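Q: I would like a close look at a single part of this model. Please take one residue and work outward from there.

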Amino acid sequence: MTKFGQDLIDSATEALAIARGDAAPARMIKVETVDVAAIRKRLGLSQEAFAQRFALSPATLRDWEQGRRRMDRTARALLKAIDHAPDVVERAVKAA
């Protein structure tokens, strides 16, 4: 067997042990989420209006809200800014 093949088998064995609770993962990465639907609803905007106001794709916004797509760090930062200062973000988007 090649080293690559053995590495794959070892990795799968380790993953199975972690899934069963027999081993702990070497490290865990917690991905922060932003509740875009809650932000949008707090602002009283439809998905279309929110997307247009902040120069977002309506399809991407729907995918975020329905969990079909995850946000990258840039999108999370933008949404946090919208959450804290929507008028400032709107002015910045319009000025661009």
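Which residues does Phe50 touch, not counting residues up to four places away in sequence?

A: This is a predicted model. Leaving out residues up to four places away in sequence, Phe50 touches Val36, Ile39, Arg40, Leu43, Leu45, Leu56, Leu61, Leu79 and Ile82.

Start with the residue itself. Phe50 sits in helix H3. Its relative accessibility is 0%, and buried means under 20%, so Phe50 counts as buried.

Now take one partner, Val36. Phe50 and Val36 are 14 residues apart along the chain. Their C-alpha atoms are separated by 9.9 Å. Even so, the two residues are in contact, and a contact requires heavy atoms within 4.5 Å.

Next, the core. The largest nonpolar core has 15 residues. Phe50 is among the members that touch the most other members, along with Val36, Phe54, Trp64, Met71, Leu79 and Ile82. Four elements give two or more residues to this core: H2, helix H3 (47-53), helix H4 (58-65) and helix H5 (73-84). H5 gives the most, with three residues. As a general point, nonpolar side chains in soluble globular proteins tend to be buried together.

Trp64 is another of those well-connected core members. Beyond four places in sequence, Trp64 touches Val36, Leu56, Arg69, Arg70, Met71, Ala75 and Leu79. Val36, Leu56 and Leu79 also appear among the contacts of Phe50.

One partner of Phe50 carries a charge: Arg40. Arg40 lies in helix H2 (residues 36-42). Its relative accessible area is 9%, under the 20% limit, so Arg40 is buried too. With residues up to four places away set aside, Arg40 touches Leu45, Ser46, Gln47, Phe50, Leu61 and Glu65. Leu45 and Leu61 are on the contact list of Phe50 as well.

Step back to the whole chain. The protein chain has six helices and zero strands. Its radius of gyration is 20 Å, well over the 12 Å that the globule rule gives for 96 residues, so the chain is more spread out than a compact globule. The C-alpha atoms fill a box of roughly 60 × 25 × 20 Å along the principal axes. Of the 96 residues, 25% count as buried. Phe50 and Arg40 both count as buried.

Contacts over long sequence distances also feature. Among contacts with a separation of 6 or more, 46% join residues 24 or more positions apart. As for the surface, the chain exposes about 7200 Å², and carbon and sulfur atoms supply 54% of that area.

Methods
Residues are numbered from 1 along each chain as its sequence is written. This is a predicted model: local features need pLDDT of at least 70, side-chain atom pairs count only at pLDDT 80 or more; totals for chains, interfaces and linings use all residues. Side-chain values use heavy atoms; hydrogens and water are left out. Buried means under 20% relative accessible area, exposed over 50%, partly exposed in between (1.4 Å probe, protein chains only). A nonpolar core is a set of buried Ala, Val, Leu, Ile, Met, Phe, Trp, Tyr and Cys residues joined through side-chain atoms within 4.5 Å. The radius of gyration is taken over C-alpha atoms; the globule rule is 2.2 Å times the number of residues to the power 0.38. Accessible areas come from the Shrake-Rupley method with a 1.4 Å probe; for residues, only the protein chains shown count as cover.
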